[in-house]
Amino acid sequence: MRYRITFFAGLAIGYVLGTAAGRERYEQLKKSANRVAQNPAVRNAAESAAQHGRQYAGKAFVAVGDHLPERLHRVMGNGKGSASAEDDWGTSNT
């Protein structure tokens with residue numbers, strides 16, 4: 001779903017930047033986009049999708065958590081492993 005939204009946003013931006021219609025058409029598109037974004041149904045759907053996504057991501061992490069390598073547990077920040085100034089990829093937290 002995220003890729004679809006990104007695609008359509010890119011399509012809209014490309015149209016606006018590449019169109020010969022000028023400023024008037026840009027303002028018309030902007031007004032339409034704002035109207036859709038402010039629609040309560042759209043906002044509720046987006047909020048619901050985000051909430052379900054977080055819920056399912058949490059369940060998935062718990063389901064596979066025991067099968068993850070120790071290194072990934074440290075990256076995910078669950079407190080396991082040692083806390084050194086340099087991580088396993090050679091970068092520091094400074």
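These legends go with a set of close-up views of a predicted model.

**View 1. The whole chain is built from helices, four of them, with zero strands.** Read from the N terminus on, the elements go α-α-α-α. Not much is tucked away here: of the 94 residues of the chain, 2% count as buried.

**View 2. The largest pocket holds about 620 Å³ of space.** Its lining takes in 18 residues. Look for Ile 5, Phe 8, Ala 9, Val 36 and Val 42 if you want the ones that lie nearest the centre of the pocket. Three elements each give two or more residues to this lining: α1 (2-18), α2 (23-38) and α3 (40-64).

**View 3. Here is the lining of the largest pocket again, this time by contributor and class.** The top contributor is α1, which gives seven residues. Sorted by class, the lining has 15 nonpolar residues, one polar residue and two charged ones.

**View 4. Phe 7 and Phe 8 make an aromatic pair.** The structure holds one such pair. The two rings sit edge-to-face, 5.3 Å apart centre to centre and with 70° between their planes. That angle earns the edge-to-face label because planes over 60 degrees apart count that way. Phe 7 is exposed, at a relative accessible area of 53%, while Phe 8 comes in at 49% and is partly exposed. The two get separate labels because exposed means over 50% relative accessible area. Phe 8 also turns up in View 2, among the residues nearest the centre of the largest pocket.

**View 5. Helix α3 runs for 25 residues.** From its first C-alpha to its last, α3 reaches 36 Å, close to the 36 Å expected at 1.5 Å a residue. Zoom in on the start of α3 and you'll find Asn 39, with a side-chain oxygen that reaches to within 2.9 Å of the backbone nitrogen of Ala 41.

Key: Residues numbered from 1 in each chain as written. Predicted model: local features only at pLDDT ≥ 70, side-chain atom pairs only at ≥ 80, totals over all residues. Heavy atoms only, no water. 1 Å grid on protein atoms, 1.4 Å probe; cavity = no way out; pocket = protein on both sides within 12 Å on 5 of 7 lines; lining within 4 Å. Points joined across faces, edges and corners; volume = space filled by probe spheres on them. Helix = DSSP H or I, 4+ residues; strand = E, 2+ residues; numbered from the N terminus. Nonpolar A, V, L, I, M, F, W, Y, C, P; charged D, E, K, R; others polar. Expected span 1.5 Å × (residues − 1). Polar contact = N/O pair within 3.5 Å; in protein donor to acceptor, adjacent residues only side chain to side chain. Phe/Tyr/Trp six-rings, centres within 6.5 Å; stacked < 30°, edge-to-face > 60°. Buried < 20%, exposed > 50% of the residue type's maximum accessible area, 1.4 Å probe, protein only.
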